[in-house]
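Here is a short tour of a protein model, meant to be read with the structure open beside it. Take a look around first, and then we can go through it topic by topic.

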Amino acid sequence: MKITVLNGSPRKENTSAMVEAFATAAKEAGHTVEVLQVGKMKIAGCLACEYCHGKGNGSCAQHDDMDKVLPAYQDCDMVVFASPIYYFTMTAQMHAAIQRVYCIGKPPKAKKAALLLSSASPTPYAGAIATYNDMTAYMGIENVGIITAAGDENKSEAKLNEIRKLAQSL
Ligand SMILES: Cc1cc2nc3c(=O)[nH]c(=O)nc-3n(C[C@H](O)[C@H](O)[C@H](O)COP(=O)(O)O)c2cc1C
């Protein structure tokens with residue numbers, strides 16, 4: 001499978017450790033993995049200009065780092081959304097990347113998705129998980145796993161092993 005991992009963190013710490021564990025194990029299992037650190041990218045919000053649904057014929061009127069993300073969305077068999085929790089949801093950068101998929105509607109080939117979330121406290125996940133569940137249901141993509149790491153679970157071998165097992169099971 002071709003797997004696109006969107007990492008919504010702007011830094012290389014907890015979420016990136018989860019992404020690294022997933023990507024390494026998935027590659028070892030024979031998959032092709034592309035990691036895009038959207039948390040460090042410049043991606044503006046959708047302008048609702050509807051260029052994409054008219055003259056643009058599926059292409060976006062805005063040109064920024066989303067130009068790197070859209071081809072990966074278009075080509076992948078699986079999408080992994082990985083993000084720290086910022087104020088009870090995924091990061092703003094991740095939300096921009098998610099919403100700019102509007103020009104193509106949904107990843108056309110993706111059949112599977114997973115969600116990796118990192119936080120400081122143990123209970124801030126409801127908003128991010130609701131967004132992910134509603135979005136994947138809308139897109140007709142099967143959820144194959146949601147893994148959260150809170151506080152001391154971040155970077156723990158137990159949590160990274162859970163993520164490796166998910167990658168190996170694909
Ligand atoms: C702007 C901001 C908002 C945050 N909001 C929350 C929150 O609502 N709940 C929580 O448990 N942690 C919150 N955190 C903590 C991060 O989710 C946590 O430190 C996470 O492990 C960071 O992941 P990273 O190392 O990939 O950046 C917040 C951190 C920042 C910088």
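What covers the buried residues of α3? The cover includes β1, α2, β3 (78–84) and α4 (126–139). Please keep in mind that this is a predicted model. The points below go from the sheet and its helices to the core, the ligand and one loop.

**The sheet**

- Five strands make up an open sheet, and their order is β2-β1-β3-β4-β5. The pairing in this sheet is parallel.
- At the edges you will find β2 (32–36) and β5 (142–150). Each has a single partner strand, so one side of each is left without a neighbour in the sheet.
- On average, neighbouring strands are turned by 15° against each other, with direction ignored.
- Strand β4 (residues 112–119) runs parallel to β5, and 8 bridges join the two. If you would like a place to start tracing this pairing, K112 has E142 in β5 as its bridge partner.
- As general background, strands of a sheet pair through backbone hydrogen bonds, either parallel or antiparallel.

**Helices around the sheet**

- Helix α5 (residues 157–168) packs on the sheet, where it touches β4 and β5. The direction of α5 makes about 170° with that of β5.
- Helix α2 (residues 66–75) lies across β1 (2–7) and β2. Relative to β2, helix α2 runs at about 150°.
- Helix α3 spans residues 92–99, and its buried residues are Q93, M94, A96, A97 and I98. As noted at the start, α2 and β1 are among the elements that cover them.

**The nonpolar core**

- The largest nonpolar core has 45 residues, and the members that touch the most others are F22, V80 and L116.
- Helix α1 (residues 14–28) supplies the largest share of this core, with 8 residues.
- Leaving aside residues up to four places away in sequence, F22 touches V5, V80, L116, I163 and A167.
- More generally, nonpolar side chains tend to be buried together in soluble globular proteins.

**Around the ligand**

- The ligand is surrounded by 17 residues, and the closest are S9, E13, N14, T15 and P84.
- Two elements, α1 and β4, give two or more residues to this shell. Helix α1 gives the most, with 3 residues.
- What is the make-up of the shell around the ligand, counted as nonpolar, polar and charged residues? It divides into 7 nonpolar, 8 polar and 2 charged.

**The loop between β2 and α2**

- A48 lies in the loop between β2 and α2, and its phi is near 55°, a positive value in a residue other than glycine. A48 counts as exposed because it has 8 C-beta neighbours inside 10 Å.
- C49 lies in this loop too. Is C49 buried or exposed? With 12 C-beta neighbours inside 10 Å, C49 counts as exposed.
- C49 and A61 are 12 residues apart in sequence, and their C-alpha atoms are 8.1 Å apart in space.
- E50 is also found in the loop between β2 and α2. Although E50 is not a glycine, it has a positive phi of about 65°. E50 is partly exposed, as 13 other C-beta atoms lie within 10 Å.
- For context, most residues other than glycine have a negative phi.

Notes: Residues are numbered from 1 along each chain as its sequence is written. This is a predicted model: local features need pLDDT of at least 70, side-chain atom pairs count only at pLDDT 80 or more; totals for chains, interfaces and linings use all residues. A nonpolar core is a set of buried Ala, Val, Leu, Ile, Met, Phe, Trp, Tyr and Cys residues joined through C-beta atoms within 7 Å. A residue is buried if 20 or more other C-beta atoms lie within 10 Å of its own, exposed if 12 or fewer, and partly exposed in between; C-beta atoms are placed from the backbone. Helices (H or I, at least four residues) and strands (E, at least two) are DSSP runs, numbered from the N terminus. Two residues are in contact if their C-beta atoms, placed from the backbone, lie within 7 Å. Two strands pair if DSSP finds at least two bridges between them. Axes are lines fitted to C-alpha atoms, for helices over the stretch in contact, and angles run from 0 to 180 degrees between N-to-C directions. A residue is near a molecule or strand if its C-beta atom, placed from the backbone, lies within 6 Å of it. Ala, Val, Leu, Ile, Met, Phe, Trp, Tyr, Cys and Pro count as nonpolar, Asp, Glu, Lys and Arg as charged, and the others, Gly among them, as polar.
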